[in-house]
Amino acid sequence: MVSMNRYRSEPVSIVWNDQLRKYDFGPSHPLSPIRVQLAMRLTEDFGLLDHENVSILSETPVLDDATLTRVHDPAFLAAVKVASEDPDYVDGVHGLGTADTPVFPGMHTAAARICGASLMGAKAVLEGDAAHAVNISGGLHHSMPAAASGFCVYNDASVAIQWLLDQGVERVAYIDIDVHHGDGVQAAFWDDPRVMTMSIHESPATLFPGTGWATEIGGPRALGTAVNLPLPAGTGDQGWLRGLHAVFPQLLRAFEPQFIVSQHGCDGHFEDPLASMALSIDGLRLAAEAIHRWAHKYANGNWLALGGGGYEWVDVVPRAWTHLIAEAIGHPIDPKTDLPASFRSYVTDAMGKNAPFRMTDGYDPWPKNWDMGYNPDDPVDAAINASRMSVFSYHGLLPDNLGGF
């Protein structure tokens, strides 16, 4: 049962082919390609790719060094290429051969193809072939300019953003809702006033990568363009959505981006094994809906949506990213809808476990607007207020401005 949506006729490109599955650290690694495979399978079983406004971008080039080095250091690329041929390669300087980011055969090609997929999505939107594009295999936001980090070899989000800037786009907003701080993208554009990086995440006091404090606001030429909203471990939908709406839309309105790139890691879910937030599928769906709306309201609809973290492979990732794709193409799925029997049978056969029954966790969250007042003794409200206090004044905003939707 698919509900009506006023954006349902917009052309949307979904970037996907089987080659993207080759970004694979091995069967015991949390970032298994099965996550993306299951999400695409659920998307297909719902018939979302059959809508007339949807096209599949199956051409995903392995990006050349010249494009990758617009973001990454040439010596880092050279190290990745060596590591791709040597299963015993360890390079602590470049973050390769670690427990988080082990090397695997063909790693350079696989990572460069992920970047190519995100760049092709950005290109489709910029050239007018699509209003929005989605690449759920992307969102590798921890990779630094000179080192791999946190399961991320090359940073496809940064590569796509830099490509947009190189094409003449003057302002890009990056929105990151992964439970982990979007540190690699922030680092790439730390002192670039053309890019606003916005990250809502679990507090760095309790979670990797240990950065993303509200006081991290950008370099001297770009003060106020790094926006961080770290929330206490255990924060649920209500506080998380309240923070999202109390900080991000006001800054988007002031910044006036021409393009929005968003990262939709779903590892803030309460079932995720690598973090300690308490979000539901329903809260994550509402965030995707809000970002879609903000793309139209503040960026003329220009929107590239990426995947990211998410380590509960069956219960969480497929539903979260199917909701994201459904939202992006303008055919959102009623959260009370049952998952298709074909998908549930596939999961049982392929994974040896049962899939969820419905596209909801049974919650009905809503973001309590900031103009209703806040409690400075509440840890969530205090964190939200700290983020507003850190950056609002750089954009002519007062911290006591009302919340926004």
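Which residue of β8 does serine 262 stand opposite? Keep that one in mind while working through these exercises on a predicted model.

**Exercise 1. Work out how β7 sits in the sheet, starting from serine 262.**

Step 1. Begin with the opening puzzle: serine 262 stands opposite alanine 305, a residue of β8.

Step 2. Look at the whole pairing. Strand β8 covers residues 303-306, and it pairs with β7 in the parallel sense over 4 bridges.

Step 3. Now go to the other neighbour. β4 and β7 are joined by 5 bridges and also run parallel. Here alanine 173 has isoleucine 260 of β7 as its bridge partner.

Step 4. Check the side chains. In a regular strand they alternate between the two faces of the sheet. For β7, Phe259, Val261 and Gln263 point one way, while Ile260 and Ser262 point the other way, and all of them are buried.

Step 5. Wrap up: 5 of the 5 residues of β7 are buried, so this strand is largely enclosed by the rest of the structure.

**Exercise 2. Lay out the strand order, then place helix α7 against the sheet.**

Step 1. Write down the order: β2-β1-β3-β8-β7-β4-β5-β6, which is an open sheet of 8 strands with parallel pairing.

Step 2. Find the edges. These are β2 (54-57) and β6 (226-231), each pairing on one side only.

Step 3. Add the twist, which averages 15 degrees from one strand to the next.

Step 4. Zoom in on one pair. Strand β1 (residues 12-15) and strand β3 (residues 132-135) run parallel and are joined by 3 bridges. Isoleucine 14 stands opposite valine 134 of β3.

Step 5. Bring in the helix. α7 packs on the sheet and touches β4 (172-176), β5 (195-202), β6 and β7 (259-263). The direction of α7 makes about 175 degrees with that of β5.

**Exercise 3. Aspartate 237 is a charged residue; find out what surrounds its side chain.**

Step 1. Locate the residue: aspartate 237 is in helix α7, which spans residues 237-255.

Step 2. Look for a partner of opposite charge. Aspartate 237 is buried yet has no salt bridge. The nearest candidate, the side chain of arginine 285, is 8.6 Å away.

Step 3. Try polar partners instead. The side chain of aspartate 237 makes a polar contact of 2.5 Å with that of serine 280.

Step 4. Fill in the surroundings. Beyond its neighbours within four places in sequence, aspartate 237 is in contact with Ala278, Leu279, Ser280, Gly283, Tyr363 and Pro365.

**Exercise 4. Sort three salt bridges by where their partners lie in the chain.**

Step 1. Start with the total: the structure holds 13 salt bridges.

Step 2. Take the pair within a helix. Aspartate 45 and arginine 41 meet at 3.2 Å, N to O. Both lie in helix α1 (residues 34-45), 4 residues apart, about one turn of the helix. Aspartate 45 counts as partly exposed at 24% relative accessibility, and arginine 41 does too at 26%.

Step 3. Take the pair that links distant parts of the chain. Arginine 70 and aspartate 166 have their closest N and O atoms 2.9 Å apart. Arginine 70 is in the loop between α2 (65-68) and α3 (74-83), whereas aspartate 166 is in helix α5, 96 residues apart. Arginine 70 is partly exposed, at 45%, and aspartate 166 is partly exposed at 39%.

Step 4. Finish with glutamate 170 and arginine 171, whose side chains meet at 3.6 Å, N to O. Glutamate 170 is partly exposed at 47%, as is arginine 171 at 23%.

**Exercise 5. Hunt down some unusual backbone geometry.**

Step 1. Set the baseline: most residues other than glycine have a negative phi, and most peptide bonds are trans.

Step 2. Check the peptide bonds. Phenylalanine 208 and proline 209 are joined by a cis one, with omega about 5 degrees. Proline 209 is found in the loop between β5 and β6.

Step 3. Check phi. Phenylalanine 151 has a positive value of about 75 degrees; this residue is in the loop between β3 and α5 (156-166). At 9% relative accessibility, phenylalanine 151 counts as buried.

Step 4. Add glutamate 256, with a positive phi of about 55 degrees, in the loop between α7 and β7.

Definitions and conventions:
Residues are numbered from 1 along each chain as its sequence is written. This is a predicted model: local features need pLDDT of at least 70, side-chain atom pairs count only at pLDDT 80 or more; totals for chains, interfaces and linings use all residues. Side-chain values use heavy atoms; hydrogens and water are left out. Helices (H or I, at least four residues) and strands (E, at least two) are DSSP runs, numbered from the N terminus. Buried means under 20% relative accessible area, exposed over 50%, partly exposed in between (1.4 Å probe, protein chains only). Lys and Arg count as positive and Asp and Glu as negative; His and the chain ends are not counted. A salt bridge is a side-chain nitrogen of Lys or Arg within 4 Å of a carboxyl oxygen of Asp or Glu. A polar contact is a pair of N or O atoms within 3.5 Å; within protein, one must be able to donate a hydrogen and the other to accept it, and residues adjacent in sequence count only if both atoms are side-chain atoms. Contact means heavy atoms within 4.5 Å. Two strands pair if DSSP finds at least two bridges between them. Axes are lines fitted to C-alpha atoms, for helices over the stretch in contact, and angles run from 0 to 180 degrees between N-to-C directions.
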